[in-house]
Amino acid sequence: IDWQRSFGADGISALMVLLTGIIGFFTIWLASSQIDHRKETYIGLLLVTISMLMGVFLSMALVSFYIFFEAVLIPLILLIHGWGDGKNPQAASKRFLLFTLAGSIPMVVGLISLAMSPNIYGQPSTVSFSELSRIASQAVSSGIPIGSKDSWAVWLLLLGFGIKLAILPLHTWLPMTYAAAHPNTTSLIASVVAKLGLYGILRIVIPLTPTALSIEAQMVIGTIGAIVIVYGALVALTKDNLREVLAFSSLSHVGFITLGLMSLTKEGLGGAALQMFNHGLITASMFWILSMLEQRHGTISLKSEDRGLAAQYPKLAVLLVFFTLAGAGLPGLNGFVGELLTMSGMMRVCATLVAIAVLGTVLGAWYGLRIVQRLLFGSDGPRVDAQQRPLAGSDLQPKEWLPLVSVAVLCLYIGLFPMRTMKLFQPDTDRLASLVEPVSKQAHRDMDTLVVESTNP
């Protein structure tokens, strides 16, 4: 392997590197005031995690991608186990380890098969993304039929990446981990680490195996993504612990990204890439706010004893409402643009899945408003006077302002000027769409022909 050429960046990689840099910097910034014991070790493990994430996003070869993909697990396990302050962090770290290792087995087999796949076309094996992409483009242009010899490898890769992105029914590690880890750690997991599976699909499955992406895989994963949107929102509505609400909210929003990826269209792929960035910003900010509230009150519940926080922390309350509305997809904020593009892309493939996703947006607004009403105002709870501010902490401190306001400004900028952000990666997502759309269209035509023949013997 030529390690000198196994690292690089295109627009998609640059977007994820930017997200990792922003979230990583502010996570370390807040850790210096939120972590009480072994602070230096904690920050050191955060730096290792961020370095491994950068390695994943900058890898341009299968070997380096896999090494960094798995290496992220090591510091994360230590962070969850050693600094978890929620429900049973030891059990959560073990479950996270077992699920991730279980996903590694099918993924590594799929990657090996992918490296050997050029032999099918009479070319030498390679681990280079550029070489594999070139061979895939030649396969599409030469009309290699759907269901080629490497189609089973696609299912293995989808399974491995699906466990990392907590796809149903392999999602049980996610709420347990989010509820157990320190919110500062969870902000990095939910915003960046949870995107590794989605990035793997966008970086490896779609561009390197376009002829093996059958309509069955497209519709199965797309359907699961739509179900995840509604399922995550419904479960979030039933939870009172704010950690659990945010965990299932994050799971629900990942479904929109999955939907966009499986549309295999320009709008869908572009929207999925943008929403990966948007969701990372919004989710990290929500967990930062959660961490600040827990510093002042301990466990945050949506029950009566925690209501009326808007009177005590008006500045923090404004930012909480802002990020809640951004996550709910309010027009003018960044969440709206990403969700709209993902659903527009899937509309060209399956309107039924889009209808399910729309139901998810309604439920998302519902649990978002539930957070605002019960946590900040509590209309049916006791009225809290501003003089009842607890001695444990006041409104936002100067050190807490910087990450929240900086990310809020970025969310507003993307919402108002989305095309300026999409210029960074749109040529790359358009190139992917131009590669896979002909294959997808041919698959749908073949499926339509099969249905007609089966109904008219």
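In helix H2, the buried residues are Tyr42, Ile43, Leu45, Leu46, Thr49, Ile50, Met52, Leu53, Gly55, Val56 and Phe57, where buried means under 20% relative accessible area, exposed over 50%, and partly exposed in between (1.4 Å probe, protein chains only). The model is a predicted one, so local features need pLDDT of at least 70 and side-chain atom pairs count only at pLDDT 80 or more, while totals for chains, interfaces and linings use all residues. Residues are numbered from 1 along each chain as its sequence is written, and side-chain values use heavy atoms, with hydrogens and water left out.

Staying with H2, its buried residues pack against H1, helix H3 (62-71), helix H4 (73-83), helix H9 (183-191) and H10; contact here means heavy atoms within 4.5 Å. Helices (H or I, at least four residues) and strands (E, at least two) are DSSP runs, numbered from the N terminus. The length of H2 also checks out: its 20 residues (39-58) should span 28 Å at 1.5 Å a residue, and the end C-alpha atoms sit 29 Å apart, which agrees. The expected span is 1.5 Å times one less than the number of residues.

One residue of helix H3 is phenylalanine 68. Leaving out residues up to four places away in sequence, phenylalanine 68 touches Phe7, Met52, Gly55, Val56 and Ser59. Of these partners, Met52, Gly55 and Val56 are on the list of buried H2 residues. From phenylalanine 68 to serine 51 the C-alpha distance is 8.9 Å, with their positions 17 residues apart in sequence.

Zooming out, the protein chain has 20 helices and 0 strands. Of its 457 residues, 59% are buried. Among contacts with a separation of 6 or more, 83% involve residues 24 or more positions apart. The chain exposes about 17,400 Å², and carbon and sulfur atoms supply 66% of that; the areas come from the Shrake-Rupley method with a 1.4 Å probe, and for residues only the protein chains shown count as cover.

Next, the interior. The largest nonpolar core holds 147 residues, and Ile204 and Phe323 touch the most other members. Such a core is a set of buried Ala, Val, Leu, Ile, Met, Phe, Trp, Tyr and Cys residues joined through side-chain atoms within 4.5 Å. Helix H13 (residues 266-297) supplies the largest share of this core, at 16 residues. Not counting neighbours within four places in sequence, isoleucine 204 is in contact with Leu62, Phe65, Leu111, Leu114, Phe129, Leu157, Phe161, Tyr199 and Thr209.

Helix H8 (residues 173-180) is mostly covered, with 7 of its 8 residues buried. Those are Trp173, Leu174, Pro175, Thr177, Tyr178, Ala179 and Ala180. They pack against H4, helix H5 (89-116), helix H7 (151-164), H9, helix H12 (242-263) and H13.

On to the charged pairs. The count comes to 7 salt bridges, each being a side-chain nitrogen of Lys or Arg within 4 Å of a carboxyl oxygen of Asp or Glu. One of them joins arginine 203 to aspartate 10, with the closest N and O atoms 2.7 Å apart. This pair links distant parts of the chain, 193 residues apart: arginine 203 belongs to helix H10 (residues 196-208), and aspartate 10 to the segment before helix H1 (11-34). Both arginine 203 and aspartate 10 are buried.

Another bridge, between arginine 348 and glutamate 267, has its closest N and O atoms 2.9 Å apart. It too links distant parts of the chain, 81 residues apart, with arginine 348 in the loop between helix H16 (334-347) and helix H17 (351-377) and glutamate 267 in helix H13. Arginine 348 counts as partly exposed because its relative accessibility is 47%, and glutamate 267 does so at 29%.

Arginine 134 and glutamate 131 also meet in a salt bridge (2.7 Å, N to O). They are 3 residues apart in helix H6 (residues 129-141), so about one helical turn separates them. An α-helix has 3.6 residues a turn, so residues three or four places apart point the same way. Arginine 134 is partly exposed at 35%, as is glutamate 131 at 34%. Elsewhere, Asp240, Arg370 and Arg374 are linked in a network of salt bridges.

Finally, the surface: Leu412, Tyr413, Leu416 and Phe417 make a nonpolar patch of about 350 Å².

Key
Patches are made of residues with over 30% relative accessible area and no salt bridge: like charges are joined within 9 Å, nonpolar side chains (Val, Leu, Ile, Met, Phe, Trp, Tyr) within 5 Å.
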